[in-house]
Amino acid sequence: MTDRVTDEEVEKVCLRLDREAEAGGYHLNPDTEFVKDLVRGLLANERRYGYPACPCRLSIGVKEADADIVCPCEYRDPDLAEYGACYCTLYVTGAVVAGEQTVGRVPERRPPGGPTKSAAKRPAHLTGSLPYPVHRCRVCGYLCARDEPPEICPICRAKKDRFERFL
Amino acid sequence: MDLIHVDGKKKGQILLYALSTCGWCAKTKDLLNTLGVEYDYLFVDQLPKDEMEKVYTEIIHRYNPMGSFPTLVINGKTIVGYQEDEIREALV
């Protein structure tokens, strides 16, 4: 059995996530008590599986299969745009923070069991050649043209392995 | 599979499929406790892998094709997500 997640750890991670979110133009849910519950779930998953999978989704414990639901998940940005919050509601839009928008239930947009392999996007074909390959962050859509993607996405803090070859 | 039983007022068959890490599942459980009804729940994420797959398949086929949590089954009627009004209404 894994160690219990302590209140201090939860506090620390909440502060870090808030700092990182604000730096990238994202916002944590202003309901801080609920955020703490979600972060406790994230930390529990990190202990259990080795990665902070979404606390409100069922992980199967295989990193490749759960990659799309590692927080921040690949569904966060479309859910923010459509519903004002991500699926678990850890992240919300600025309008929600300002009290101009309320958050209802965010329906699940992930296909049951995760995306199929065939759904994976292939890099687009271009006529002519680019001086550098273009990599795309699957979490936030950030693009960079260089030999390798960055270690950590400068916008959403997703790790290098969440980048795909775009062009 | 080990259902966890919670005693209370009998309102029929109430089964909650939940995740131990999920805040919305916790809210749903709290609501059932507040309403004081008898129900069973299952933390699907805490099941051994083969059992988890079996239960998840059952959820998708019988109750909630999206396979999301919480999935609450009240006398055969499925309520997906923490929907306070719908849950209260189903348990009047």
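This report describes the backbone features, the chain interface and the domain arrangement of a predicted model.

## Cis peptide bonds

In chain A, the peptide bond that runs from A:C71 to A:P72 is cis, with an omega near 0°. A:P72 sits in the loop that connects helix 3 (63-66) with helix 4 (76-83) of chain A, and this residue returns below in the account of the domain contact, where A:P72 is listed with A:E20 and A:E74.

Chain B also has a cis peptide bond, which joins B:F69 and B:P70 and has an omega of about -5°. Here B:P70 belongs to the loop between helix 2 (49-63) and strand 4 (71-74) of chain B.

## Residues with positive phi

Although A:T89 is not a glycine, its phi is positive, at about 70°. The residue is found in the loop between helix 4 and strand 2 (91-92) of chain A. With a relative accessible area of 3%, A:T89 is buried, because buried is the term for values under 20%.

B:N75, another residue other than glycine, has a positive phi near 45° and is placed in the loop between strand 4 and strand 5 (77-80) of chain B. Its relative accessibility is 47%, so B:N75 counts as partly exposed.

## The interface of chain B and chain A

Contacts between the chains involve 22 residues of chain B and 24 residues of chain A. The size of an interface is often given as the accessible area that is lost when the parts come together. For chain B and chain A the buried area is about 1600 Å², and carbon and sulfur atoms give 63% of it. On the side of chain B, the residues that lose the most area to chain A are B:T21, B:W24 and B:M66, which together make up 35% of what that side buries.

Between the two chains there is 1 salt bridge; A:R48 forms a salt bridge with B:D45, in which the closest N and O atoms are 2.8 Å apart. In addition, 5 residue pairs are in polar contact across this interface, counting pairs in which both residues are at pLDDT 80 or more. Helix 1 (23-35) and helix 2 of chain B each supply at least two residues of the side that touches chain A, and helix 2 gives the most to that side, with 4 residues. By class, the side of chain B that touches chain A has 12 nonpolar, 7 polar and 3 charged residues.

## The two domains of chain A

The domain assignment divides chain A into domain 1 (7-98) and domain 2 (134-165), and the centres of these domains, taken over C-alpha atoms, are separated by 19 Å. Contact between them involves 13 residues of domain 1 and 8 residues of domain 2. The two domains bury about 840 Å² between them, with 42% of this area on carbon and sulfur atoms. Within domain 1, A:E20, A:P72 and A:E74 lose the most area to domain 2, together 50% of what that side buries.

Across the interface of domain 1 and domain 2 of chain A there are 3 salt bridges. The side chains of A:K63 and A:D161 meet in a salt bridge with an N to O distance of 3.5 Å. The domain interface also has 5 residue pairs in polar contact, with both residues at pLDDT 80 or more. The side of domain 1 that touches domain 2 is made up, by class, of 6 nonpolar, 1 polar and 6 charged residues.

Notes:
Residues numbered from 1 in each chain as written. Chains lettered and ligands numbered in written order. Heavy atoms only, no water. Buried < 20%, exposed > 50% of the residue type's maximum accessible area, 1.4 Å probe, protein only. Contact = heavy atoms within 4.5 Å. Buried area = accessible area lost by both parts, 1.4 Å probe. Salt bridge = Lys/Arg side-chain N within 4 Å of Asp/Glu carboxyl O. Polar contact = N/O pair within 3.5 Å; in protein donor to acceptor, adjacent residues only side chain to side chain. Nonpolar A, V, L, I, M, F, W, Y, C, P; charged D, E, K, R; others polar. Domains from an automatic or database assignment.
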